[in-house]
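Me: I'm opening this one for the first time and would like to learn how to read it. Could we go through it feature by feature?

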Amino acid sequence: MSDPRLPVVLFWHMHQPPYRDALSGRYVLPWTWLHAIKDYTDMAAHLEEVEGAKAVVNFTPVLVEQIEDLAGAVRANLDSGAPLPDALLATLSDAPLPAQPEARLALLQACLRAEHNNVVRPRVAFAQLVEIAQGLDDLAHIVYASDQFLHDLAVWYHLAWLGESVRRTHPLVARLEQKARHFDAADRHELLALVGELLAGILPRYRALAEQGRCEIAASPFSHPILPLLMDFGAARESEPHAPRPHAAGYPGGTERATWHLQRAVESHERVFGRRPRTCWPSEGAVSESAIAAIEAAGFDCLATSEAVLRPSLALSGIDIPGEHAAAERLLNRAWRRPDSNLSCFFRHDGLSDLIGFTYGKWHGDDAAANFVHELAGIEQRTGGEPGRVVLVALDGENAWEHYPHNGWYFLNAMYRGIAAHPRLRLATLSEVVDAQREAGIAPAGLPRVRAGSWVYGTLSTWMGDP
């Protein structure tokens, strides 16, 4: 007997562009390892700790490669003193701080890049150092910043970027925060070792969660190709007919490039996570009819993108969205497929996704979680009896949480628990939904046409059309 509860799929998109300079081998920005020690660790901890928690987690292949590279670099530094490829991370090593004023100023400025209300202000000693640093933030005053001051500022910056799960469980964090000042080489070495331990543990933790059935790991094309534009530059004009574009409508060799990026993503995924990926998150959720065909040809069972793509595609297909709210929800919250295709296409609920991404950070965590579960329960009630119903909530898995107190810890914990305990809701992965629907003989709805677009405004304007 099929489960009558409404499947709720939480889809966390983990992504960073390649920050490693191809010529120098050095990282120009620190966001890969900072999000790794803060967000990727915490998001794994919730899935590990909350009974019944489940999600889809998407790791872009270039993010995976950077995590592996940085973990190896930290290990090499700790083992043999090999130089670290990131100037900010190197402040925790035995390497001397730069002597040039420009380099010292860049280091100080790097330690000021953090959300103030939730990352800086709650840590009084760090906030005091930041206030001093703001007075030294130019070449005329950086000469007054001593090595000890810069080391203290950098240690606090790393401490502030640690995930809540690490802060609550690792004794080193409590000891260093209590010390507060005058961090020495031994302190920095221990903190670097912790960063290395967290980096090295990210991918094995998620692989173990996938093997336990607590998450599904999705994949994206290898680098950051916008597949519709590789297939045909003209795709940009499907949503913006007058958008400027290169003179040629096509992209010579683009289809072959798209195929390479998809195949390379599958190979990377198999190497790191031990199995072929079944779910694809196209770069920026960008799809077109030809891109969907390429994703299916690469062996994926389903893809996920945005309601901002579905709505104009329904209009293009001559399918009216009912004006009555409940009827519209029954139409939108389900899987779709193209003619002569077996690839299930899922479209995120933009409203619910944006509540997490942009609204709930200002709420008390328990209130936000309760409201979210209430919204889901309302959809469940209004779509009762609809075959194939599913709600997909998809958003960045790393960028929202610094706008929440405690890195979103209380909200995420209460949200997972609230959905898992609800009698009419069940957490699921997209592959589970696909399998359950196939077993029950429920076919995705037919979508005759797809208008090329992305999850950003439902268009490709961010990537083509701006002079």
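Me: Let's start with the largest pocket. How does its lining divide by class?
Reply: The general idea comes in two parts. On a 1 Å grid over the protein atoms alone, a pocket is an open set of points with protein on both sides within 12 Å along at least five of seven lines, and a lining residue has an atom within 4 Å of a point. For the classes, Ala, Val, Leu, Ile, Met, Phe, Trp, Tyr, Cys and Pro count as nonpolar, Asp, Glu, Lys and Arg as charged, and the others, Gly among them, as polar. Here the lining of the largest pocket has 10 nonpolar, 14 polar and five charged residues.

Me: Anything I should know before I trust the details?
Reply: Yes, two things. This is a predicted model, so local features need pLDDT of at least 70 and side-chain atom pairs count only at pLDDT 80 or more, while totals for chains, interfaces and linings use all residues. Residues are numbered from 1 along each chain as its sequence is written, and side-chain values use heavy atoms, leaving out hydrogens and water.

Me: Back to the pocket, then. How much space lies in it, and which residues lie nearest its centre?
Reply: A volume is the space filled by probe spheres set on the grid points, which are joined across faces, edges and corners. For the largest pocket that gives about 630 Å³. Its lining has 29 residues, and H15, L395, D396, N399 and W455 lie nearest the centre.

Me: Which element gives the most to that lining?
Reply: Elements are DSSP runs numbered from the N terminus: helices (H or I, at least four residues) and strands (E, at least two). Helix α16 gives the most, with five residues. Both α16 (350-359) and β8 (391-396) supply at least two.

Me: And cavities? How many does a search of the whole structure find?
Reply: A cavity is a set of grid points where a 1.4 Å probe fits but cannot get out. The search finds three of 30 Å³ or more. The largest has a volume of about 90 Å³, and of its 14 lining residues, N118, R123, A160, H406 and N407 are closest to the centre. By class, that lining has five nonpolar, four polar and five charged residues.

Me: What lines the second largest cavity?
Reply: F59, P61, V64, A219, A265, S268, H269 and F273 do, around a volume of about 50 Å³. The elements giving two or more of these residues are α2 and α12 (254-273), and α12 gives the most, with four. There are six nonpolar, two polar and no charged residues in this lining.

Me: F59 caught my eye. Where else does F59 turn up?
Reply: In the largest nonpolar core. Such a core is a set of buried Ala, Val, Leu, Ile, Met, Phe, Trp, Tyr and Cys residues joined through side-chain atoms within 4.5 Å. Buried means under 20% relative accessible area, exposed over 50%, and partly exposed in between (1.4 Å probe, protein chains only). This core has 106 residues, and F59 is among those with the most contacts inside it, along with L10, W12, Y206, I356 and M415. Helix α9 gives the most to this core, with 11 residues. A second, separate core of 28 residues includes A294, F300, W336 and V450.

Me: Which residues does F59 touch?
Reply: Contact means heavy atoms within 4.5 Å. Not counting residues up to four places away in sequence, the partners of F59 include M14, I202, Y206 and F273.

Me: Last one: salt bridges. How many are there?
Reply: Side chains of opposite charge can pair when their charged atoms come close. The rule is a side-chain nitrogen of Lys or Arg within 4 Å of a carboxyl oxygen of Asp or Glu, and the count comes to 29. One of them joins R205 and E48, at 2.8 Å from N to O. That pair links distant parts of the chain, 157 residues apart: R205 in helix α9 (residues 185-211) and E48 in helix α1 (residues 31-49).

Me: Are the two partners in a salt bridge buried or partly exposed, say for E329 and R382?
Reply: E329 and R382 have their closest N and O atoms 2.5 Å apart. They sit in helix α15 (residues 325-332) and helix α17 (residues 365-382), 53 residues apart. E329 is buried at 6% relative accessibility, whereas R382 is partly exposed at 29%.
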